[in-house]
Amino acid sequence: MKEDYYEVLGVGQSASAAEIKKAYRKMALKYHPDKNPGDSKAEEMFKKSAEAYEVLSNPDKKARYDQFGHAAFDGAGGFGGGSMNMDDIFSQFGDIFGSAFGGGGGFSGFGGFGGGGQRRVKGSNLRIRVKLSLEEVANGVEKKVKVRRKVQAEGVSYTTCGTCGGRGQVTKVTNTILGRMQTATTCSTCGGSGQVIDKKPSDADAQGLKVQEETVSIKIPAGVEEGMQLKVPGKGNDAPGNGVAGDLLVAIETEEHSTLKREGDNLHYDLYISFSEAVLGTSKEIDAVGGKVRIKLEPGIQSGKILRLRGKGISSINGYGSGDLLVHVNVWTPKELNKEQKEFFERMQGNENFDPKPEKSDKSFFEKVKDMFS
């Protein structure tokens, strides 16, 4: 089971953005690969802290994490803020380290940034929307979508950037009253990749990339909600040279069901029955996400009665089982009566069987609402 992101960084849930950044920098410097060469445990902690910071430093991701926990990102198919590699970490958070490790913001032990190695930039992310039916939300689904993404053109070749020598950054030393200050900025010639195009085919752009349509399979876990965003790593645009591909960000949209209404993991169904059915009792077939289900209504059932079908709702995205299907019974009162019907009800006026006699088990409206949210 994954560790809590707040515990990884050693901060509370109410920590400010500045406190989260400070805690991450402290962790990252402590477990930096250059300080701990060959230490696999330190490398793992370095990655964990970066993963935690990626989520908690982003207001939208932080809000989803606070509501859903790890399940908001780690559904089937490898979505979310996890599974970061060293290139991801230093391409996104290199500025956190400043000049603590040679001004390059990087590391040498993994052949990525420091020690004169080439910087690996990350391609841009792509965003799409996927619309799901209530049944797909309830059960989870695998969707295949066509995505137009930039990929490296066949036949393109790169050479080391002459401006930065392949580092992707240009270092500048300035003399000040406080001493010599060293700063590093992204190389303007290669855009930080450390490479420039040597040869490219005619169908490639200035970065050696071309647009290609690709079918991407997206595994969507059960229980997702409208507005949630999932991530498919490496299915965004390619980066030029030896860079890593961006990600495909999938925004979830949900279709409205004709009879079922969702509320969290619970579903609501309005069932209308006739006056005679309420008096005599009956059985009814109703909609559920797994198909039709039949329920029995006892004689004398009251309008406003709520029947709870446990486990017939939506699967929890946090893995806590499934919600319930709440059936709201509504007794339909006829608006027009023929002479015989009218005479019958006139005879029943004053009959004790027709007088309201609520029992303790017949809860008030407010009690029913309270039970729905308990």
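Glu253 sits in strand E9. If you look past residues up to four places away in sequence, Glu253 touches Arg129, Val130, Lys131, Leu132 and Glu226. Take Lys131 from that list: Glu253 and Lys131 are 122 residues apart along the chain, yet their C-alpha atoms are separated by 4.5 Å. Keep in mind that this is a predicted model, so every value here is computed from predicted coordinates.

**The sheet around E9**

What is the strand order in the open sheet that holds E9? The three strands run E1-E9-E8, and the pairing is mixed. Strand E1 (126–132) and strand E8 (229–232) are at the edges; each has a single partner strand, so one side of each has no neighbour in the sheet. From one strand to the next, the twist averages 30°.

You can see the mixed pairing by taking the two partners of E9 in turn. E1 and E9 (residues 248–254) pair in the parallel sense, with seven bridges. Along that pairing, Arg127 stands opposite Leu249, and Ile128 stands opposite Val250. On the E8 side, E8 and E9 run antiparallel and are joined by four bridges. There, Leu230 has Val250 as its bridge partner.

Is E9 enclosed or open to the outside? Five of the seven residues of E9 are buried, so the strand is largely enclosed by the rest of the structure.

**A second open sheet**

Another open sheet has four strands in the order E10-E11-E15-E14, again with mixed pairing. Its edge strands are E10 (260–263) and E14 (306–309), each pairing on one side only. Ignoring direction, neighbouring strands of this sheet are turned by 30° against each other on average. E10 pairs with strand E11 (residues 266–274) in the antiparallel sense over four bridges. One residue pair to look for is Lys261 with its bridge partner His268 in E11.

**A hairpin with two faces**

Now scroll along to strands E12 (residues 282–286) and E13, which pair in the antiparallel sense over five bridges. Together E12 and E13 form a hairpin with six residues between them, and Gly291 in the turn has a positive phi of about 120°. Across the hairpin, Ile286 stands opposite Val293 in E13.

Which residues of E13 lie on its covered face? On strand E13 (residues 293–297), these are Val293, Ile295 and Leu297, while Arg294 and Lys296 are on the uncovered face. This fits a general pattern: side chains in a regular strand alternate between the two faces of the sheet.

Here are the strand pairings described so far, side by side:

| Strand pair | Sense | Bridges |
|---|---|---|
| E1 and E9 | parallel | seven bridges |
| E8 and E9 | antiparallel | four bridges |
| E10 and E11 | antiparallel | four bridges |
| E12 and E13 | antiparallel | five bridges |

**Two helices**

Helix H2 (residues 17–30) gives you a neat length check. At 1.5 Å a residue, its 14 residues should span 20 Å, and the end C-alpha atoms are 20 Å apart, which agrees. The buried residues in H2 include Ile20, Ala23, Tyr24, Met27, Ala28 and Leu29. It helps to know that an α-helix has 3.6 residues a turn, so residues three or four places apart point the same way.

In helix H3 (residues 40–56) you'll find Tyr53. Why does Tyr53 count as buried? Its relative accessible area is 10%, and buried means under 20%. Tyr53 and Leu9 are 44 residues apart along the chain, but their C-alpha atoms are separated by 7.8 Å.

**The whole chain, and how far to trust it**

Zooming out, the chain has nine helices and 15 strands. Of its 374 residues, 41% count as buried. The accessible surface comes to about 21200 Å², and 48% of that belongs to carbon and sulfur atoms. Among contacts between residues at least 6 apart in sequence, 65% join residues at least 24 apart.

How confident is the predictor? The mean pLDDT of the chain is 82, with 82% of its residues reaching 70 or more. Over residues 75–82, though, the pLDDT is below 50, and this stretch has 25 contacts in the model beyond near neighbours in sequence. Residues 98–118 also stay under 50, and there the model has 56 contacts beyond four places in sequence. Where pLDDT is low, the predicted coordinates should not be read in detail.

Note on methods
Residues numbered from 1 in each chain as written. Predicted model: local features only at pLDDT ≥ 70, side-chain atom pairs only at ≥ 80, totals over all residues. Heavy atoms only, no water. Buried < 20%, exposed > 50% of the residue type's maximum accessible area, 1.4 Å probe, protein only. Pairing = 2+ DSSP bridges. Axes fitted to C-alpha atoms, helices over the stretch in contact; angles between N-to-C directions. pLDDT = per-residue confidence, 0-100. Contact = heavy atoms within 4.5 Å. Areas by Shrake-Rupley, 256 points an atom, 1.4 Å probe, with all protein chains shown as cover. Expected span 1.5 Å × (residues − 1).
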